[in-house]
Amino acid sequence: MWYAVSAPNCCISYPRRPCSPRFLRKCSVPTSFCVQASLPENNNGAKVEYTPWLIVGLGNPGNKYHGTRHNIGFEMIDSIAKTQGVVMNTIQSKALVGIGSIGEVPILLAKPQAYMNYSGESVGPLAAYYQVPLRHILLVYDEMSLPNGVLRIQPKGGHGYHNGVKSVMGHLDGCREFPRLCIGIGNPPGTMDMKAYLLQRFSTVERHQIDAALDQGVEAVRTLVLNGFDQSITSFNLRQKYKYHKV
C-alpha cells in the first residue's frame, strides 16, 4: 500500500514496508497530513514515485549564533530554500521545516531548533515520520579539517568529534550510512580555544569564500538529489580539494 503525505504544491509518497534500521519502524504516518508534488506519468500511464530527501543543516538557534562558523549548516539550508522557493514556516520535531522539491524529487529542509548537541532529537523523528531511508538523509555541517570554503560530499562517515553529527548518529541507532555535505571552516589559529573559534564570525575574506561555497553547495545538492553519487559528485569533490591550490 502507498501512503501519501500532502500539503499545497508538494507530494511525498512512499510504501509502508519494513525498514532498516530499527528507528525507521517506530512511527506509522497519519494520512491526514500530506505533502504533494505533481509528478509526471511514464509512457505506460503509471505515475512515477520518488523517494523524498531529508536535508538537515546543523546549527544553533537564535540571533546570537547567526553568521557564526558553527551555523554554516543553517546558512546552506537557507540558500537551498531560497533557490528552490521553499518556505521554511513549519515547526515539527523541534525543527524549522520547509517542504518543496528539486526538479521532480520531493525534499524536506530542516533546521533543528534544539542546540547543536541535541540535533538528533529532530533528525531521528523526522526521518521516522516521513519514512526517509538513510541513503536520503543529507546532513550539512561545518568541518574544521577542511580549509575555509572547501566543500566535500560523502555517502557516509563517522562523527569526527562533531557533537551535532554525534547526536544525529545516536538518534539513528548508531548508523553512519547517511550522506553528508561538509563545509570547511578551517582550524583555530594558534592557541585559540576551539569553542570560541566555532562561535566566531567570519572575516571579510573568509565571508567571500563562504558565500561562494554556499552557491557551489546548492548546485552540488541539486546534482546529488537528482542523480545520486555519480561521477559528477566525484569530480566535484576533486575540484573542491584543489580549488585554492595555485598551479
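# Exercises on a predicted fold

Asp 173 is partly exposed, with a relative accessible area of 28%. The model behind these exercises is predicted.

## Exercise 1: Backbone outliers

Place Asp 173 and Gln 131, give the phi of each, and decide whether each is buried or exposed.

**Solution.**
Step 1. Start with Asp 173. The loop between α3 (163-171) and β9 (180-184) holds this residue.
Step 2. Check its backbone. Asp 173 is not a glycine, yet its phi is positive, about 60°.
Step 3. Classify it. The partly exposed class runs from 20% to 50%. At 28%, Asp 173 therefore counts as partly exposed.
Step 4. Turn to Gln 131. It sits in the loop between α2 and β7.
Step 5. Its phi is also positive, about 55°, and Gln 131 is not a glycine either.
Step 6. Buried means under 20%. Gln 131 has a relative accessible area of 11%, so it is buried.

## Exercise 2: A salt bridge across the sequence

Find the salt-bridge partner of Glu 206 and explain what the pair ties together.

**Solution.**
Step 1. Recall the principle. Opposite charges on side chains can pair when the charged atoms come close.
Step 2. Apply the cut-off. A side-chain nitrogen of Lys or Arg must lie within 4 Å of a carboxyl oxygen of Asp or Glu. The chain has 5 salt bridges by this rule.
Step 3. Identify the partner. Glu 206 pairs with Arg 69, with the closest N and O atoms 3.1 Å apart.
Step 4. Locate both ends. Glu 206 belongs to helix α5 (residues 204-227), while Arg 69 is in the loop between β3 (53-57) and α1 (72-84), so the bridge ties together parts 137 residues apart in sequence.
Step 5. Check burial. Both Glu 206 and Arg 69 are buried. For Glu 206 the relative accessibility is 19%, which puts it in the buried class because the limit is under 20%.
Step 6. List the other contacts of Glu 206. Leaving out residues up to four places away in sequence, it touches Arg 69 and Asn 148. The C-alpha atoms of Glu 206 and Asn 148 are 6.7 Å apart, across 58 residues of sequence.

## Exercise 3: Two further bridges

Set the pair Glu 121 and Lys 94 beside the pair Arg 207 and Asp 211, giving distance, location and exposure.

**Solution.**
Step 1. Take Glu 121 and Lys 94. Their closest N and O atoms are 2.7 Å apart.
Step 2. The pair links distant parts of the chain. Glu 121 is in helix α2 (residues 120-130) and Lys 94 in the loop between β4 (90-92) and β5 (95-102), 27 residues apart.
Step 3. Read the exposure. Glu 121 is partly exposed at 27% relative accessibility. Lys 94 is partly exposed too, at 49%.
Step 4. Take Arg 207 and Asp 211. The closest N and O atoms of this salt bridge are 3.0 Å apart.
Step 5. Both residues are in helix α5, 4 residues apart, so about one helical turn separates them.
Step 6. Arg 207 has a relative accessible area of 22% and is partly exposed. Asp 211 is also partly exposed, at 34%.
Step 7. Extend the pair. Shared partners join Glu 75, Arg 207 and Asp 211 into one network of salt bridges.

## Exercise 4: The largest pocket

Describe the largest pocket by volume, lining and residue class.

**Solution.**
Step 1. State the volume: about 460 Å³.
Step 2. Count the lining. There are 19 lining residues, and those closest to the centre are His 70, Asn 117, Asn 163, Met 194 and Leu 198.
Step 3. Assign elements. β7 (137-143) and α4 (194-198) are the elements that give two or more residues to the lining. The largest share, 3 residues, comes from α4.
Step 4. Sort by class. The lining has 9 nonpolar, 7 polar and 3 charged residues.

## Exercise 5: A loop contact and the whole chain

Work out which residues Pro 147 meets, then summarise the chain.

**Solution.**
Step 1. Locate Pro 147: the loop between β7 and β8 (151-154). It is partly exposed, at 46%.
Step 2. List its contacts. Beyond neighbours within four places in sequence, Pro 147 meets Gly 184, Ile 185 and Gly 186.
Step 3. Add a distance. The C-alpha atoms of Pro 147 and Gly 186 are 4.5 Å apart, though their positions lie 39 residues apart along the chain.
Step 4. Zoom out. The protein chain has 6 helices and 9 strands. Of its 247 residues, 51% are buried.
Step 5. Check contact range. Among contacts between residues at least 6 apart in sequence, 71% join residues at least 24 apart.
Step 6. Finish with the surface. The accessible area is about 12,200 Å², and carbon and sulfur atoms account for 52% of it.

Key:
Residues numbered from 1 in each chain as written. Predicted model: local features only at pLDDT ≥ 70, side-chain atom pairs only at ≥ 80, totals over all residues. Heavy atoms only, no water. Buried < 20%, exposed > 50% of the residue type's maximum accessible area, 1.4 Å probe, protein only. 1 Å grid on protein atoms, 1.4 Å probe; cavity = no way out; pocket = protein on both sides within 12 Å on 5 of 7 lines; lining within 4 Å. Points joined across faces, edges and corners; volume = space filled by probe spheres on them. Nonpolar A, V, L, I, M, F, W, Y, C, P; charged D, E, K, R; others polar. Contact = heavy atoms within 4.5 Å. Areas by Shrake-Rupley, 256 points an atom, 1.4 Å probe, with all protein chains shown as cover.
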